[in-house]
There are 2 protein chains.
Amino acid sequence: MGELRYPEVIEEVKSIIWPKPLKLFTAGPVACFPEVLEAMKFQQFSHRSAEYRELHKDTTLRLAEFLEARKATVLLIPASGTGFMEASIRNAITPGGKVLVTIIGAFGKRYREVVETNGRKAVVLEKKPGEPVLPEELDDALKKNPDVEAVTITYNETSTGVLNPLRELAKVAKEHEKLVFVDAVSAMGAADIKVDEWGLDLVFASSQKAFGVPPGLAMAAVSEEVFERAKKIPDRGWYFDLLRLRKYLEQQWSTPSTPPIPQIIGLNVVLRIIEKMGGKEKWLQMYSERAEKIRKGVLDLGLELFATPGYYSPTITVVKTPPGIKGVEVYEAMRKRGFEIAKGYGPVKEYTFRIGHMGYITDEDIKELFDNLREVIEELKKKA
Amino acid sequence: MGELRYPEVIEEVKSIIWPKPLKLFTAGPVACFPEVLEAMKFQQFSHRSAEYRELHKDTTLRLAEFLEARKATVLLIPASGTGFMEASIRNAITPGGKVLVTIIGAFGKRYREVVETNGRKAVVLEKKPGEPVLPEELDDALKKNPDVEAVTITYNETSTGVLNPLRELAKVAKEHEKLVFVDAVSAMGAADIKVDEWGLDLVFASSQKAFGVPPGLAMAAVSEEVFERAKKIPDRGWYFDLLRLRKYLEQQWSTPSTPPIPQIIGLNVVLRIIEKMGGKEKWLQMYSERAEKIRKGVLDLGLELFATPGYYSPTITVVKTPPGIKGVEVYEAMRKRGFEIAKGYGPVKEYTFRIGHMGYITDEDIKELFDNLREVIEELKKKA
């Protein structure tokens, strides 16, 4: 690999990014699996080489299997997940056309911004923070707005810790013959997704969440109907043009512009780990058990969960702070003890904090987290 | 960092991407510096943390210094370089407005596509493959097309190995009071760029070229005038909205959506190496000497260079094949010997091959390259 002529440089950068060890319970980027990090240091190579095509093909097919996307096309692109929000609107919605944007927190609001900044109109169905969208509410909104072309759904809202009932919502949208766009950024890899069976038209995520890979890669499954609509939509742009992306995939198992190779390697590593662990169900079960353990730990401390019961997120738990204690105080105190949890986010920022449970987290880490959180809450209560 | 539970997975992936060792003389992604690869395996962390802000700030300021961008704003985003092509058009050109696109090869053609797929009009100044755009030609084109809002210039055309006289071209464009957009993807880091002094309005590149970092990160320097124009342009979208990107930079030294942290770490490492080597001039001199050595090697084999003399690229050398020999034959024969050069690209594909000289390449590698290339050419001549 070549000798290190300037090893001191690596230490200098380390002193910036890891001045002290922290156990990560973040909302993402999350701690990556050790195998992923080990594979991140492979030497790079041309994305037009035979080796790259094989890597891209293998990763795409493994992800398609995980998402149960046999009819839909799986795309891997150099972007954050939000890139596919923009792609969904520019490729499949008529300029000036309407989209029903369901909002249960900060990321639904982002989808609204993406719709509006791309010259389309948003019709909004917004719930109170902590609540999911219910199928009958969606049905009602679609009856009142029969002219929308698509429905957007945040599968897992990272800001409130709520998992929407995606399967049921998609069913309603399909009964109204609407396209279904799903922001699954903090859900994919931890909450089940069956692309074809559930009728999802574009469901996207990022590498740095439940797959435990560094950020820089966005992935999506895209239905045939979206590609058909795209053919009639003008000014789709170049970078997120889904037809161009599909063409390169079909012709050479690659991307129009250079892909983030290390992250694709990382995703490939994780998809292989999932296979070794016994497949998708076992993997999702790991996430489900971990989430349950985190929620139990919170309740055992006498704290309350923010999300509506029955709609708890499998990837992030939002906790109400006791009276007189601010979320950021908990965050800061835990950081001093070597734990990076996540601050509250959006309108509920002040009186919540968040515990992310994606990526590489051991049972020992969780035990230590709660041992420390117990003491922190007690200390802050005394001061409050 | 945690134990490796599935070490075999890393070997499986390695067998796909590195079935045998290859010395890289690619057009990019190129071989990364060993220090960069070593730093790629750092554990990830939140892009909203204090540590990330410090990393982003330090990297941005170092790159701004390297580009001599004191007035312009340096942005780092999760995308390939082409993302900034799209950003330049959507943010600074009136919908339906005209852009003078200068084309000297495949990447100028891409800029034209980006202009047109984003609902703007391209006026084209196209040169024959191998030729640069000359200042008087640009002046003439601008006199004939006074209504264009901007000029696009490919600084280094990877498909033909030509370096455009950027400084002189920008001077002409500024005399006509046009915005100057520069695709510096395969130039930045090897050919000099003085953003403010040369009057460049948006100059962009990617991590995987002359900086020798893995792909997944795009960087640009953007002038105040572009931001001012953006305020009046509708439908800029969300993902590449330069005003949103600047806002996040100013408010928190971060990005609106999650950045590709490993590549930003990698760029930081390289910018520190440049500093240790004695600064920008020494670094550019390394590239210039390496390019000269490659060209001399080609000429010593009795082969001809494709680019017009005086406009040779400092990052990639395009070589004409002898009569009867195809470029792809040279590529394949070199690959069998453990060297990954680049195939010809675009209209000159058939009778050229390319030697990239970016990233981590030693003098020993170059010597071996030519020892093998000599034998390959002799063998192919016998067969031809």
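## Where chains A and B meet

Start with one salt bridge: the side chains of Glu51(B) and Arg335(A) come together at 2.5 Å, N to O. Keep in mind that this is a predicted model. Across the interface of chain A and chain B, the rule finds ten salt bridges. Polar contacts between the two chains come to 39 residue pairs, both residues at pLDDT 80 or more.

Which elements of chain A give two or more residues to the side that touches chain B? They are helix H1 (7-17), H2, H3, helix H4 (82-92), helix H5 (106-117) and helix H11 (261-277) of chain A. H11(A) gives the most to that side, with ten residues.

As for the whole contact, chain A puts in 85 residues and chain B puts in 85 residues. The size of an interface is often given as the accessible area lost when the parts come together. Between chain A and chain B, the buried area is about 7,600 Å², and carbon and sulfur atoms give 63% of it.

Now for the rings. Over all chains, the structure holds 21 aromatic pairs. One of them is edge-to-face, because the rings of Phe45(A) and Trp18(B) have their planes at 75°, with their centres 6.1 Å apart. Phe45(A) sits in the loop between helix H2 (34-39) and helix H3 (50-66) of chain A, while Trp18(B) sits in the loop between helix H1 (7-17) and strand E1 (23-24) of chain B, so this pair joins two chains. Are these two rings' residues buried or exposed? Phe45(A) counts as buried because its relative accessibility is 4%, and Trp18(B) also counts as buried, at 14%.

Phe240(A) and Phe240(B) make another aromatic pair, and this one is stacked. It too crosses between chains: Phe240(A) is in the loop between helix H9 (224-230) and helix H10 (242-252) of chain A, and Phe240(B) is in the loop between helix H9 (224-230) and helix H10 (242-252) of chain B. Both Phe240(A) and Phe240(B) are buried.

Here are the two ring pairs side by side.

| Pair | Centre to centre | Angle between planes | Arrangement |
|---|---|---|---|
| Phe45(A) and Trp18(B) | 6.1 Å | 75° | edge-to-face |
| Phe240(A) and Phe240(B) | 5.5 Å | 20° | stacked |

Chain A also has an aromatic cluster, made up of Phe33(A), Trp283(A), Tyr287(A) and Tyr360(A).

Some rings have a charge over the face. Lys280(A) lies over the face of Phe66(A), at 5.6 Å from the ring centre. In chain B, Arg246(B) lies over the face of Phe227(B), at 4.0 Å from the ring centre.

Key
Residues are numbered from 1 along each chain as its sequence is written. Chains are lettered from A and ligands numbered from 1 in the order in which they are written. This is a predicted model: local features need pLDDT of at least 70, side-chain atom pairs count only at pLDDT 80 or more; totals for chains, interfaces and linings use all residues. Side-chain values use heavy atoms; hydrogens and water are left out. Rings of Phe, Tyr and Trp (its six-membered ring) pair if their centres lie within 6.5 Å; planes under 30 degrees apart count as stacked, over 60 as edge-to-face and the rest as tilted. Helices (H or I, at least four residues) and strands (E, at least two) are DSSP runs, numbered from the N terminus. Buried means under 20% relative accessible area, exposed over 50%, partly exposed in between (1.4 Å probe, protein chains only). A charge sits over a ring if NZ of Lys or CZ of Arg is within 6 Å of the ring centre and within 35 degrees of the ring normal. Contact means heavy atoms within 4.5 Å. Buried area is the accessible area (1.4 Å probe) that two parts lose on being put together, summed over both. A salt bridge is a side-chain nitrogen of Lys or Arg within 4 Å of a carboxyl oxygen of Asp or Glu. A polar contact is a pair of N or O atoms within 3.5 Å; within protein, one must be able to donate a hydrogen and the other to accept it, and residues adjacent in sequence count only if both atoms are side-chain atoms.
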